[in-house]
Amino acid sequence: MTMPHHALDITLTRALTPAELHRTARTMPLAANHDTTRLLALVRAKTPAKALNRLRHQIGGRLPIDVITTHYPDPRGQILLNVTFSPAAYAALEAAAEHTRRPPHLFVQDAVHQALARHADQEADRLDRALQHLLTSATPPHLLAAVGRALTHTTGAAPC
């Protein structure tokens with residue numbers, strides 16, 4: 001059985017120097033963005049989680065890594081994150097997780113999911129308010145026509 005490759009995004013806390021990029025690229029193939037603040041790597045591992053850990057272990061001490069994420073969502077549509085916390089931050093995280101009787105990694109996962117759900121709700125509310133504001137000064141048919149024109153214009157699609 002062949003071991004799959006996993007595409008991982010590396011977000012850095014600062015741009016790399018050419019020497020840092022060259023030295024690290026000798027360890028594993030990397031693709032850098034235009035300003036070397038993000039890298040893409042392919043890592044062989046049985047699972048995406050193991051690929052994240054393998055990458056952190058191989059180059060974590062050489063680069064100013066902020067966060068490592070899987071490049072593609074898993075079958076459930078989730079992106080995995082690999083974040084290293086300072087000892088003080090991790091101690092605070094453990095204390096907060098203890099109150100919920102959840103392991104720290106599940107506590108963080110729950111907190112991220114809740115924050116994303118709050119953001120989605122806030123964005124939906126903002127759009128509802130903006131739409132209500134537009135409806136006070138335009139009729140629904142005119143608004144619908146304007147939305148159609150805007151969507152056709154921004155996506156570059158040809159008119160029907």
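The expected span of a helix is 1.5 Å times one less than its number of residues. I start there since the opening item is a helix. Please keep in mind throughout that this is a predicted model.

The helix is α2, residues 48-59. It has twelve residues, and from its first C-alpha to its last it reaches 17 Å, close to the 16 Å expected. Which residues of α2 are buried? They are Ala51, Leu52, Leu55, Arg56 and Ile59. Looking down the axis of α2, these buried residues fall within an arc of 130°, so they line one face of the helix. In general, an α-helix has 3.6 residues a turn, so residues three or four places apart point the same way. What do the buried residues of α2 pack against? The list is β1 (5-12), α1 (18-25), β3 (38-44), β4 (65-70) and β5 (81-83).

Next, the surface. There is a nonpolar patch formed by Ile79, Leu81, Val83, Phe85, Tyr90, Val112 and Leu116. Together these residues have about 590 Å² of accessible area. Two elements, β5 and α4 (104-137), give two or more residues to the patch. Ile79, one of the patch residues, sits in the loop between β4 and β5. Its relative accessibility is 39%, so Ile79 counts as partly exposed.

His71 is also worth pointing out. This residue lies in the loop between β4 and β5. With a relative accessibility of 32%, His71 counts as partly exposed. Which residues does His71 touch, not counting those up to four places away in sequence? They are Ala7, Leu8, Asp9, Leu40 and Ile79. The last of these, Ile79, belongs to the patch I just described. As for distance, the C-alpha atoms of His71 and Pro4 are separated by 14 Å, and the two residues are 67 residues apart along the chain.

On to charges. Side chains of opposite charge can pair when their charged atoms come close. How many salt bridges does a search of the whole structure find? It finds five, and I will go through some of them.

Glu20 and Arg14 meet through their side chains in a salt bridge, at 2.6 Å from N to O. Is Glu20 buried or exposed? Glu20 has 13% relative accessibility and counts as buried; the cut-off for buried is under 20%. Its partner Arg14, at 39%, counts as partly exposed.

Another salt bridge joins the side chains of Asp110 and Arg102, at 3.0 Å from N to O. Asp110 has 26% relative accessibility, which makes it partly exposed. Arg102, at 34%, counts as partly exposed too.

Then there is Glu123, which forms a salt bridge with Arg126, their closest N and O atoms being 2.6 Å apart. Both residues lie in helix α4, three residues apart, about one turn of the helix. Glu123 is partly exposed, with a relative accessible area of 31%, and Arg126 is partly exposed at 41% relative accessibility.

Now two residues with a backbone angle to note. Thr36 has a positive phi of about 50°, although it is not a glycine. Thr36 is found in the loop between β2 (30-32) and β3. Its relative accessible area is 16%, so Thr36 is buried. The other is Arg101, with a positive phi of about 60°, and again not a glycine. Arg101 is placed in the loop between α3 (87-100) and α4. Is Arg101 buried or exposed? At 78% relative accessibility, Arg101 counts as exposed, where the cut-off is over 50%.

My last residue is Pro29, found in the loop between α1 and β2. Pro29 has 65% relative accessibility and therefore counts as exposed. Leaving aside neighbours within four places in sequence, Pro29 is in contact with Leu40, Ala41 and Leu42. Leu40 came up earlier, among the residues that His71 touches. Where a long separation in sequence is concerned, Pro29 and Leu151 are 122 residues apart along the chain, and their C-alpha atoms are separated by 40 Å.

To recap: the buried residues of α2 line one face of that helix, the nonpolar patch draws two or more residues each from β5 and α4, and the search of the whole structure finds five salt bridges. That is what I have for today.

Technical notes: Residues numbered from 1 in each chain as written. Predicted model: local features only at pLDDT ≥ 70, side-chain atom pairs only at ≥ 80, totals over all residues. Heavy atoms only, no water. Helix = DSSP H or I, 4+ residues; strand = E, 2+ residues; numbered from the N terminus. Buried < 20%, exposed > 50% of the residue type's maximum accessible area, 1.4 Å probe, protein only. Arc of directions from axis to C-beta. Contact = heavy atoms within 4.5 Å. Patch = residues over 30% accessible without salt bridge, like charges linked within 9 Å, V, L, I, M, F, W, Y side chains within 5 Å. Areas by Shrake-Rupley, 256 points an atom, 1.4 Å probe, with all protein chains shown as cover. Salt bridge = Lys/Arg side-chain N within 4 Å of Asp/Glu carboxyl O.
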